[in-house]
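Biologist: I have a new structure open and would like some help reading it. Could we go through a few features, one at a time?

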Amino acid sequence: MTSTTAPAIEATGLVKQFRGPGGAVRAVDGLDLVVRPGEVVAFLGPNGAGKTTTLDMVLGLARPTSGTVRVFGKEPARAIADGQVAAALQSGGLLNDLTVSETVELTAGLFGRTSAAAPFLQRAGIADIARRKVGRCSGGQQQRLRFAMALVSDPDLLLLDEPTTGMDVRGRREFWTAIRHDADAGRTVVFATHYLEEADAYADRIVLVSHGRLVADGTVSEVKALAASRNLEDVFLALTADRETEENAPTPAEGAGR
């Protein structure tokens, strides 16, 4: 990892618009976000809130319709080329006929490295299945493998999309222990999850989005205070429900006509 004072992520007025059958749809709608180096940030929102689209723009997989996104002060593609960013996504990226060890070695080769797979498999908690074919791994084991692959470049920023899907309770705990170790060493971690208890337990900060807009941003206690609740699930439902009500409310003209 490298030392830097630039924000790990800086999005300003970020908009991503798609064309649908009924016209233009804004998946991300004017998002402003700054993630500082060393933070562990939970990126939360209902299905269709714009989380994955935002992560795609941070990874350079999608271009903003308008607005800007910078990663350590650079264009996303440049930061990725410099090995500063890695991601463990929810699906894809694996070849079933390779072994777990071969998969990590191949990833290292893509970065021009000759690193042995063992240290990364150990970090991900899958050293004991190094010789197993990927196609014979469980969903949770494949998620751990994606995590091991993401560690190969020693990134400054790690993006995780539903990282513990398919893991059992022990696996999830071991995974988050490894993530906290990385964060303590200075790595920035941004993760999207449906397990709200993980956000509550492991995040330094909660970013909650709904309909492509930011509706809450702060520490866990600060976000809970917005809905006067100690339960993050209640806060999630209250804040996203408010946004849905606002989005679906009739305009004054429509109300007058009823």
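Modeller: Sure, and keep in mind that this is a predicted model. Let's begin with Leu 106.

Biologist: Is Leu 106 buried, exposed or partly exposed?

Modeller: The idea is to look at the relative accessible area: under 20% is buried, over 50% is exposed, and in between is partly exposed. Leu 106 has 44%, so it counts as partly exposed. You'll find Leu 106 in helix α3, residues 100-110.

Biologist: Which residues make a nonpolar surface patch with Leu 106?

Modeller: Leu 95, Leu 110 and Phe 111 join Leu 106 there, and the patch comes to about 420 Å².

Biologist: Now a strand. How many residues of β3 are buried?

Modeller: Here's the general idea first: side chains in a regular strand alternate between the two faces of the sheet. Now the case here: β3 spans residues 40-44, and five of its five residues are buried. On one side sit Val 40, Ala 42 and Leu 44, on the other Val 41 and Phe 43, and both faces are covered.

Biologist: Which strands does β3 pair with?

Modeller: One is β7, residues 188-192, in the parallel sense over four bridges. Within that pairing, Ala 42 has Phe 191 as its bridge partner. Another is β8, residues 205-210, also running parallel to β3 and joined to it by four bridges. There, Phe 43 is partnered by Val 207.

Biologist: What is the strand order in the open sheet of three strands?

Modeller: Read the order as β2-β1-β4, with antiparallel pairing. β2 (23-35) and β4 (66-70) are at the edges with a single partner strand each, so one side of each has no neighbour in the sheet. On average, neighbouring strands of this sheet are turned by 30° against each other, direction ignored.

Biologist: How many bridges join β1 to β4?

Modeller: Four, and the two strands run antiparallel, with β1 covering residues 9-20. To locate the pairing, find Val 15, which stands opposite Ser 66 in β4.

Biologist: Which helix lies across β1, β2 and β4?

Modeller: That's α1, residues 51-58, running at about 120° to β1.

Biologist: Let's turn to the backbone. Which residue in the loop between β4 and α2 has a positive phi?

Modeller: Look at Phe 72, with a phi of about 55° although it is not a glycine. Phe 72 lies in that loop, just as you say, and α2 covers 76-81. Its relative accessible area is 6%, so Phe 72 is buried.

Biologist: What is the phi of Glu 162?

Modeller: Positive too, at about 50°, and Glu 162 is not a glycine either. Look for Glu 162 in the loop between β6 (157-161) and α6 (169-184). Glu 162 counts as buried because its relative accessibility is 5%.

Biologist: On to charges. How many salt bridges are there?

Modeller: To count one, you look for a side-chain nitrogen of Lys or Arg within 4 Å of a carboxyl oxygen of Asp or Glu. By this rule the count is 16. Take Lys 74 and Asp 82, whose closest N and O atoms are 2.7 Å apart. Lys 74 is partly exposed at 26%, and Asp 82 is partly exposed at 38%.

Biologist: Which salt bridge links helix α4 to helix α6?

Modeller: Arg 123 and Asp 182 meet at 2.3 Å, N to O. Arg 123 is in α4 (residues 118-124) and Asp 182 in α6, 59 residues apart, so to speak of distant parts of the chain is fair. Arg 123 is partly exposed at 34%, whereas Asp 182 is buried at 4%.

Biologist: Where are Arg 187 and Asp 154?

Modeller: Both are in loops: Arg 187 between α6 and β7, and Asp 154 between α5 (139-151) and β6, 33 residues apart. They form a salt bridge with closest N and O atoms 2.6 Å apart. Arg 187 counts as buried at 2%, while Asp 154 is partly exposed at 33%.

Biologist: Which residues do salt bridges with shared partners join into one network?

Modeller: Those are Arg 36, Glu 39, Arg 205 and Asp 217.

Terms used
Residues numbered from 1 in each chain as written. Predicted model: local features only at pLDDT ≥ 70, side-chain atom pairs only at ≥ 80, totals over all residues. Heavy atoms only, no water. Patch = residues over 30% accessible without salt bridge, like charges linked within 9 Å, V, L, I, M, F, W, Y side chains within 5 Å. Areas by Shrake-Rupley, 256 points an atom, 1.4 Å probe, with all protein chains shown as cover. Buried < 20%, exposed > 50% of the residue type's maximum accessible area, 1.4 Å probe, protein only. Pairing = 2+ DSSP bridges. Axes fitted to C-alpha atoms, helices over the stretch in contact; angles between N-to-C directions. Contact = heavy atoms within 4.5 Å.
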